[in-house]
Amino acid sequence: MSMERVGVMEEEEVILEQHVRSGDCNPSNKKKPRCPVKRCKQVLTFSNTTTCKICTQKVCLSHRFPSDHPATKLQEPH
């Protein structure tokens with residue numbers, strides 16, 4: 001390992017330590033995306049999410065059909 005590489009690693013560690021001490025980033029505070037259907041609390045993940053072809057809204061698989069969620073057709077530009 002060269003001297004330059006060691007200096008870069010130390011600099012990255014200092015920057016990361018400053019970031020952690022700042023308290024600006026707390027992964028536990030991040031809100032996970034949820035299904036927008038009323039009373040549905042399903043967290044949207046890669047494997048249980050679909051996008052409605054009518055309203056382009058991301059919903060859980062339980063509400064994937066337009067009749068299962070309030071799907072309103074998007075207005076086309078004039």
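**Exercises on a predicted model**

R21 counts as exposed, at 61% relative accessibility. The model that supplies this value, and the values in the exercises below, is predicted.

**Exercise 1. The charged pair of R21**

Task: Find which side chain meets that of R21 in a salt bridge, and state where the two residues lie.

Solution.
- Step 1. Side chains of opposite charge can pair when their charged atoms come close.
- Step 2. The cut-off is 4 Å from a side-chain nitrogen of Lys or Arg to a carboxyl oxygen of Asp or Glu. R21 and E17 form a salt bridge, with an N to O distance of 3.2 Å.
- Step 3. Both R21 and E17 belong to helix α1, and four residues, about one turn of the helix, separate them.
- Step 4. E17 has a relative accessible area of 46% and is partly exposed, whereas R21, at 61%, is exposed.
- Step 5. The count by this rule is one salt bridge.

**Exercise 2. Two cysteines**

Task: Explain why C35 and C60 are not counted as a disulfide.

Solution.
- Step 1. A disulfide requires two cysteine sulfur atoms within 2.5 Å.
- Step 2. For C35, the closest cysteine sulfur is that of C60, at 3.7 Å, so the pair is too far apart for a bond.
- Step 3. Starting from C60 leads back to C35, again at 3.7 Å and too far for a bond.
- Step 4. The disulfide count is therefore zero by this rule.
- Step 5. C35 is buried, with 5% relative accessibility, and C60 is buried, with 2%.

**Exercise 3. The nonpolar core**

Task: List the residues of the largest nonpolar core, then give the contacts of C35 beyond four places in sequence.

Solution.
- Step 1. Six residues make up the largest nonpolar core: C35, V37, C40, L44, V59 and C60.
- Step 2. With neighbours within four places set aside, C35 contacts C40, Q42, L44, V59, C60 and H63.
- Step 3. H63 follows strand β2 (58–60), in the segment after it. Its relative accessibility is 15%, under the 20% limit, so H63 counts as buried.
- Step 4. Under the same exclusion of neighbours within four places, the contacts of H63 are C35, V37, C40, D68 and H69.

**Exercise 4. A loop residue**

Task: Decide whether K32 is buried or exposed, and locate K32 in the chain.

Solution.
- Step 1. K32 sits in the loop that runs between α1 (3–22) and β1 (49–51).
- Step 2. Exposed means over 50% relative accessible area. K32 has 59% relative accessibility and so counts as exposed.
- Step 3. Q42 is ten residues from K32 along the chain, and their C-alpha atoms are 9.9 Å apart.

**Exercise 5. The chain as a whole**

Task: Describe the order of secondary structure, the burial and the confidence of the protein chain.

Solution.
- Step 1. The protein chain contains one helix and two strands, in the order α-β-β along the sequence.
- Step 2. Of its 78 residues, 14% count as buried.
- Step 3. The exposed area of the protein chain is about 7200 Å², of which carbon and sulfur atoms supply 55%.
- Step 4. Among contacts with a separation of 6 or more, 10% join residues 24 or more positions apart.
- Step 5. The average pLDDT of the protein chain is 80, and 81% of the residues score at least 70. Residues 1–6 have pLDDT below 50, and this stretch has one contact in the model beyond near neighbours in sequence.

Note on methods. Residues numbered from 1 in each chain as written. Heavy atoms only, no water. Buried < 20%, exposed > 50% of the residue type's maximum accessible area, 1.4 Å probe, protein only. pLDDT = per-residue confidence, 0-100. Contact = heavy atoms within 4.5 Å. Areas by Shrake-Rupley, 256 points an atom, 1.4 Å probe, with all protein chains shown as cover. Core = buried A, V, L, I, M, F, W, Y, C linked by side-chain atoms within 4.5 Å.
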